[in-house]
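This report looks at how the side chains of one protein chain are arranged, beginning with charged pairs and moving on to the interior, the cysteines and the surface.

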Amino acid sequence: MGFKFYKQFDVMDCGPTCLRMVAKYYGRNSKQQTISKLCEINRDGVSLLGISRAAEKLGFRTMGAKLNKSQLKTCELPCILHWRNFHFVVLYKIKNHKYYLADPTTGLIILNEDEFNRNWQVDKESGEGIALLLSPTSQFYEREDEQEGEVRWSFLLRYLITHRKLVVQMLFGMGIGSLLQLISPFLTQSIVDIGINTRNLNFIYVILIAQVALIIGRVSVEFIRSWILLHISTRINVSILTDFLIKLMKLPMSFLILKLRAILCSGSTIKKISKPF
């Protein structure tokens, strides 16, 4: 069974996302919002101390340490590593001089020793890096799983119920349109079987007039159905957007400040990447 990976929501969520992956490894589901709140993210992001305190509240026993490579190999995995002096990743396996990492920004990666040392070590002379070691306690397993909120069909049905009259009219129009399409082949068959065989021109004229009437009726029904569908979709879009804006305005200012800083940081990162060498 592979290591469960979660992708971070923004540039400041690497620490909480790492802790979420470790909790999942030990069999407990935790919401990203819950862990982010426990980590007490501020304008500068999250610190290793904040991750450690959050892990203890979840039921982990934690220890932050400065280790060399040989000491790291003897530690209990998975653990959280301070990566490139500004990021956090999860080290979940070491095998055959290969380091298996879960990076919240890129995914599951495998590095050799040189690549790992270049990104993890903060002291090149001693070859040491910073790690947060975690081990679950009985308190951790006493916690109940937190299920992620999934968008269900009932979410959209409550918007459709408010326009149920228009929905019924649209379904009725679809039924009438389908019925008119079914009648047209029988009229064509009657022209060949009865009108042409008996050479009854009056009958043929009547059937042709009926077909023209059916075409006009079908086009009219399709036009009305399309108008009703456009009306319903516009109303539902406005309702969903309004509800979204209401929830957005109810968010605390601290949350909006953090998200604004995350957007600015991601924008500056993109500019650095796109800058020609």
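## Salt bridges, cores and surface

Lys 69, Lys 73 and Glu 113 are linked in a network of salt bridges. The model is a predicted one, and the count of salt bridges in it comes to three. The table lists these pairs with the separation of their closest N and O atoms.

| Salt bridge | Closest N to O distance |
|---|---|
| Glu 113 and Lys 69 | 2.9 Å |
| Lys 73 and Glu 113 | 3.5 Å |
| Arg 225 and Glu 222 | 2.8 Å |

Within the network, Glu 113 belongs to helix α5 (residues 113-120) and Lys 69 to helix α4 (residues 69-73), so their pairing ties together parts that are 44 residues apart in sequence. The bridge between Lys 73 in helix α4 and Glu 113 in helix α5 likewise links distant parts of the chain, here 40 residues apart. Lys 73 itself is partly exposed, at 39% relative accessibility.

The pair of Arg 225 and Glu 222 has another setting, for both residues lie in helix α9 and are three residues apart, about one turn of the helix. Arg 225 is partly exposed, with a relative accessible area of 22%, and Glu 222 is also partly exposed, with a value of 30%.

Turning to the interior, the largest nonpolar core has 28 residues, of which Leu 19, Ile 51, Phe 60, Ile 80, Val 90 and Leu 134 touch the most other members. Two or more residues of this core come from each of the elements α1 (14-25), α2 (32-39), α3 (48-58), β3 (87-95), β4 (98-103) and β7 (128-136), and α1 gives the most, with six residues. If neighbours within four places in sequence are left aside, Leu 19 is in contact with Ile 35, Ile 51, Ala 54, Ala 55, Leu 58, Phe 60, Ile 80 and Leu 134.

A second, separate core is made of 17 residues, including Leu 91, Tyr 99, Ala 131 and Leu 133. Leu 91 and Ala 131 are also among the residues touched by Leu 81, whose other contacts beyond four places in sequence include Leu 72, Phe 88, Leu 101, Phe 116, Trp 120 and Ile 130. Leu 81 is placed in strand β2 (residues 79-83) and counts as buried, at 0% relative accessibility. Although Leu 81 and Leu 91 are ten residues apart along the chain, their C-alpha atoms are separated by 6.9 Å.

Which cysteine sulfur is nearest to that of Cys 18, and how far away is it? The nearest is that of Cys 14, 6.2 Å away, and Cys 18 is in no disulfide. Cys 18 is buried, with a relative accessible area of 0%. For Cys 39, the closest cysteine sulfur is again in Cys 14, but because the separation is 9.7 Å, the two are too far apart for a bond. Cys 39 is buried as well, with a relative accessible area of 2%. The count of disulfides in the model comes to zero.

At the surface, finally, Leu 241, Phe 244, Leu 245, Leu 248 and Leu 251 make a nonpolar patch of about 430 Å². One of these residues, Phe 244, has its place in helix α9, which covers residues 201-250; Arg 225 and Glu 222, the salt-bridged pair described above, lie in helix α9 too.

How values were computed. Residues numbered from 1 in each chain as written. Predicted model: local features only at pLDDT ≥ 70, side-chain atom pairs only at ≥ 80, totals over all residues. Heavy atoms only, no water. Patch = residues over 30% accessible without salt bridge, like charges linked within 9 Å, V, L, I, M, F, W, Y side chains within 5 Å. Areas by Shrake-Rupley, 256 points an atom, 1.4 Å probe, with all protein chains shown as cover. Salt bridge = Lys/Arg side-chain N within 4 Å of Asp/Glu carboxyl O. Helix = DSSP H or I, 4+ residues; strand = E, 2+ residues; numbered from the N terminus. Core = buried A, V, L, I, M, F, W, Y, C linked by side-chain atoms within 4.5 Å. Buried < 20%, exposed > 50% of the residue type's maximum accessible area, 1.4 Å probe, protein only. Contact = heavy atoms within 4.5 Å. Disulfide = S-S within 2.5 Å.
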